[in-house]
Amino acid sequence: MFKMANLAHKNAYVPYSGFKVGVCIRSDNDKLFFGSNVENAAYPQSQCAEASAIGSMITSGERKIKEVLIIGGNEELCTPCGGCRQRLYEFSSNHTVIYLCNSNGLLKTLKLIDLLPFSFGPGNL
Ligand code: THU
């Protein structure tokens with residue numbers, strides 16, 4: 001997962017922020033999907049790396065996320081933004097694990113539900 005996220009991190013298209021993010025998702029069937037952030041000259045059209053990886057997972061037919069590994073830029077933790085917490089939650093369980101990394105390795109491990117308490121998701125509808 002780290003190798004795939006690292007490649008996604010390297011290939012991120014970030015001419016505006018200069019902040020690269022690479023993500024690798026492991027589905028419940030142990031398939032791996034990766035994604036980069038893809039920025040745009042019309043800034044709001046930019047896409048987070050998590051959204052890219054989720055899009056790839058859904059396109060392949062997988063529906064449940066077991067683990068997510070995120071590589072951000074530096075020593076600061078690159079936690080998923082609010083929108084991406086919600087995007088990940090849609091396809092996660094209470095056991096879904098997030099590995100926060102930089103290019104040198106793992107910085108912190110936590111669960112998605114810790115990042116999104118009292119969340120609104122498919123079960124609320
Ligand atoms: N970014 C992500 O790709 N994922 C996140 O969860 C946080 C932010 C990207 C968006 C933008 O291209 C850059 O990081 C700076 O915000």
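Helices and strands here are DSSP runs, with at least four residues for a helix and at least two for a strand, and they are numbered from the N terminus. Keep in mind that this is a predicted model.

**Exercise 1. Get an overview of the chain.**
Task: Work out in which order the elements of the chain run, and how the radius of gyration compares with the globule rule.

Solution:
- Start at the N terminus and read along: the order is α-β-β-α-β-α-β-β-α.
- The radius of gyration is 14 Å, close to the 14 Å that the globule rule gives for 125 residues, so the chain is as compact as a globular protein of that length.
- The tally of elements is 4 helices and 5 strands.
- Along its principal axes, the C-alpha trace spans about 40 × 30 × 30 Å.
- Now look at the cover: 42% of the 125 residues count as buried.
- As for the surface, the chain exposes about 6,900 Å², and carbon and sulfur atoms supply 54% of that.
- Finally, take the contacts between residues at least 6 apart in sequence: 60% of these join residues at least 24 apart.

**Exercise 2. Find the surroundings of strand β4.**
Task: Say which strands pair with β4, and in which sense, parallel or antiparallel.

Solution:
- Begin with β4 itself, residues 97-102: 5 of its 6 residues are buried.
- Strand β3 (residues 65-71) runs parallel to β4, and 5 bridges join the two.
- One bridge to pick out is that of L69, whose partner in β4 is Y99.
- How does the chain get from β3 to β4? Helix α3 (residues 82-90) is part of the route, and the three elements make a right-handed β-α-β unit.
- Next comes strand β5 (residues 105-111), which pairs with β4 in the antiparallel sense over 6 bridges.
- Here Y99 turns up again, standing opposite T109 in β5.
- The link from β4 to β5 is a hairpin through 2 residues.

**Exercise 3. Sort three loop residues.**
Task: Decide whether N37, E62 and N74 are buried, partly exposed or exposed. Then look at what each one touches.

Solution:
- The cut-offs come first: buried means under 20% relative accessible area, exposed means over 50%, and partly exposed lies in between.
- N37 has a relative accessible area of 7%, so this residue is buried.
- You'll find N37 in the loop between β2 (32-36) and α2 (49-60).
- A polar atom of the N37 side chain lies 2.8 Å from the backbone oxygen of F19.
- Setting aside residues up to four places away in sequence, N37 touches several residues, among them A12, V14, F19, V21 and C48.
- E62 also has a value of 7%, so this one is buried too.
- E62 is in the loop between α2 and β3.
- The side chains of E62 and N29 are joined by a polar contact of 3.0 Å.
- Apart from neighbours within four places in sequence, E62 is in contact with residues including S27, K31, F33 and M57.
- N74 comes out at 37%, so this residue is partly exposed.
- N74 belongs to the loop between β3 and α3.
- Its side chain reaches the backbone nitrogen of E76 at 2.9 Å.
- With residues up to four places away left out, N74 touches F19, N102 and L107.
- One last distance: N74 and C101 are 27 residues apart along the chain, and their C-alpha atoms are separated by 8.8 Å.

Key: Residues are numbered from 1 along each chain as its sequence is written. This is a predicted model: local features need pLDDT of at least 70, side-chain atom pairs count only at pLDDT 80 or more; totals for chains, interfaces and linings use all residues. Side-chain values use heavy atoms; hydrogens and water are left out. Buried means under 20% relative accessible area, exposed over 50%, partly exposed in between (1.4 Å probe, protein chains only). A polar contact is a pair of N or O atoms within 3.5 Å; within protein, one must be able to donate a hydrogen and the other to accept it, and residues adjacent in sequence count only if both atoms are side-chain atoms. Contact means heavy atoms within 4.5 Å. Two strands pair if DSSP finds at least two bridges between them. A crossover is right-handed if, with the strands pointing away from the viewer, the path from the first strand over the helix to the second runs clockwise. The radius of gyration is taken over C-alpha atoms; the globule rule is 2.2 Å times the number of residues to the power 0.38. Accessible areas come from the Shrake-Rupley method with a 1.4 Å probe; for residues, only the protein chains shown count as cover.
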